[in-house]
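Colleague: Could you show me how to read the packing in a model like this one? I would like the general idea each time, and then the case itself.

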Amino acid sequence: MTAPSTNWSALAEQAGTVAPMRTLFEGDPDRLAKHTLEAAGLVLDASKNRVDDGLLAALFDLARASKVESRRAAMYAGQKINVTEERAVLHVALRAGRDASYRVDGHDVVPDVHAVLDHMEAFVAQIHDGTWTGHSGKAITDVVHIGIGGSDLGPRFACAALYGWRRAGLTVQFVANVDAQAIDDATASLDPATTLFVIASKTFTTAETMMNAHTARDWSLAGGVPEGELHRHFVAVSTNEEAATKFGIDAKNMFGFWDWVGGRYSLWSAIGLPIALACGMDRFRELLEGAAAMDAHFAGAPLEANLPVRLALMGIVNANLLGARSVCIAPYHQHLELLPAHLQQVEMESNGKSVDLDGLPVSHRTVPVIWGQPGTNAQHAYFQCLHQGTEWAPIDFIAVIDPTHAHLEHHRALLANCFAQSEALMRGKTTAEAKAELVDAGEDDAEAARLAPHKTFPGNRPSNTIVLQRLDPASLGALIALYEHKVMVQGAIWDVDSFDQWGVELGKVLARSIVDELKHGASGTHDASTAALIGRAKKARTA
């Protein structure tokens, strides 16, 4: 299983010889064409990266030496590439057509996937046409989805992104935080008689989710829902039928998924039920189709023409060869506001690892920190640092050509800012250029010389621009799948297991013991800081 060793120092040295991007553009009229790829309705312009022809060729050699192609094939074949949990990784099967075939342990899972989708479709139709009612006979007007992590971030983001496709007469909210303020806020103005809760937990034991679920149950009972009628107000996305039925959920109202579906890749499964409720099952199927188009491209396109591969390799350059410690995600569309949060989990939970597939310490950086917010807000927050600070970060700009509103002047200004920011980061401004501008503006030579350093921009700061013609379910599906496959490629190159997440476990285990201490007053064994914090909380509760 040991991966071929990578000479990161040699690659970094080669990257250090690449000419400034200004020079690269001036010296190669074909640069844009070489670095622009298009598939599944998306366009990737990767030309504003510190990469020349020689380094790009070396990167493709790196991908092949890292067995990206064979690992990709293993994933599509349903092999257990999640080696620490011995699980297949087959989220591509969740968006496959009925005529496709994906096998796990010899079993074709596609019919199972479509059986759940058909179950979802029938349920969503009942909610939308009012034939599913609450205990009093009133139609459902509000849905509250209770989950956490992958059972929350993906569908929450997709519902926000597809705001323009929401159905009138039905609101969908999300509760994840164990802070009861979240569920109190969500239910504050709701009527229990017309509210439906979707409890999303594969095992029906997830601590935060079940605490919120029981609070929702108590709220419903206190609001007049008879205990025998809770099944009209609660459904589950889970595989634990016994626990769900004990809770009060009818087994017919459970939507299952499988061990080969990782949490952060699960919005395509029944975890996406709130997306279908918010926007309609037809739109949810379009979301799946968009992702499937990217899946087909990723599986079939050669590395040189492959969008996820190119995006992944530019990330390798920036993180491993140039030393970037973070990546900024800058979507220039308000409805993509939660994209950075979703990608934080997709990328950082997947590749935030420090040992390789053999359990040995890695000798290189793995995933950088993912962060960001929509433009143009970001320009008035932290872009100062990105342009002129000592800490730099590559940026993924996301642009949408067709607006989802009628205010064309706004949209022109939005796109202009998006395109200008990537140009400014690449070009920069020399001190001589800054001084000349000041002189042209009427400053004398001495004042121009004094101010010029403050108006100098180093430039040569990399970015990608991903262009969607429009933000619709299909393009959103393709965009999310693009980043999912980017993660798989980078994980192969870093030789880590991109599909487990043991790092979330230790804090959960410790939290369970501390909960007992806070509740029952017992004392555990802790460091001085943690013990003092627990003591402070106990004292405040007593007071």
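Modeller: Gladly; we will go through rings, helix packing and a few single residues. This is a predicted model, in which local features need pLDDT of at least 70, side-chain atom pairs count only at pLDDT 80 or more, and totals for chains, interfaces and linings use all residues. Residues are numbered from 1 along each chain as its sequence is written, and side-chain values use heavy atoms, with hydrogens and water left out.

Colleague: How many aromatic pairs are there?

Modeller: Rings of Phe, Tyr and Trp (its six-membered ring) pair if their centres lie within 6.5 Å; planes under 30 degrees apart are stacked, over 60 edge-to-face, and the rest tilted. The count here is 14 aromatic pairs. Take Phe 197 and Phe 234: their ring centres are 5.0 Å apart and the planes meet at 20 degrees, so this pair is stacked. Phe 197 belongs to strand 7 (residues 195–200) and Phe 234 to strand 8 (residues 234–237), so the pair links parts of the chain 37 residues apart. Helices (H or I, at least four residues) and strands (E, at least two) are DSSP runs, numbered from the N terminus.

Colleague: Are Phe 197 and Phe 234 buried or exposed?

Modeller: Buried means under 20% relative accessible area, exposed over 50%, and partly exposed in between (1.4 Å probe, protein chains only). Phe 197 counts as buried at 0%, and Phe 234 is buried with 0% too. An edge-to-face example is Phe 204 with Phe 247, at 5.7 Å centre to centre and 80 degrees between the planes. Both Phe 204 and Phe 247 are buried. Ring pairs join Phe 197, Phe 204, Trp 219, Phe 234 and Phe 247 into a cluster.

Colleague: Which charged end sits over the ring of Phe 25?

Modeller: The rule asks for NZ of Lys or CZ of Arg within 6 Å of the ring centre and within 35 degrees of the ring normal. Over Phe 25 it is Arg 31, 5.4 Å from the ring centre. Arg 50 lies over the face of Trp 392, at 5.9 Å from the centre.

Colleague: How should I read helix packing?

Modeller: Axes are lines fitted to C-alpha atoms, for helices over the stretch in contact, and angles between N-to-C directions run from 0 to 180 degrees. Under 35 degrees counts as roughly parallel, over 145 as roughly antiparallel, 65 to 115 as roughly perpendicular, and the rest as oblique. Helix 4 (residues 53–65) and helix 14 (residues 307–321) pack at about 105 degrees, with axes 11 Å apart, and are therefore roughly perpendicular. Contact means heavy atoms within 4.5 Å. Among the residues making this contact are Leu 59 and Phe 60 of helix 4 and Leu 313 and Met 314 of helix 14. By class it has 12 nonpolar, no polar and one charged residues. Ala, Val, Leu, Ile, Met, Phe, Trp, Tyr, Cys and Pro count as nonpolar, Asp, Glu, Lys and Arg as charged, and the others, Gly among them, as polar.

Colleague: And what about helix 7 and helix 13?

Modeller: The axes of helix 7 (residues 110–129) and helix 13 (residues 281–300) come within 10 Å and cross at roughly 150 degrees. That makes helix 7 roughly antiparallel to helix 13. Their contact divides into six nonpolar, one polar and three charged residues.

Colleague: Where does Ala 301 lie?

Modeller: Ala 301 is in the loop between helix 13 and helix 14, and counts as buried at 11% relative accessibility. Leaving out residues up to four places away in sequence, Ala 301 touches Arg 72 and Asn 306. Arg 72 is one of the buried residues of helix 5 (residues 68–76).
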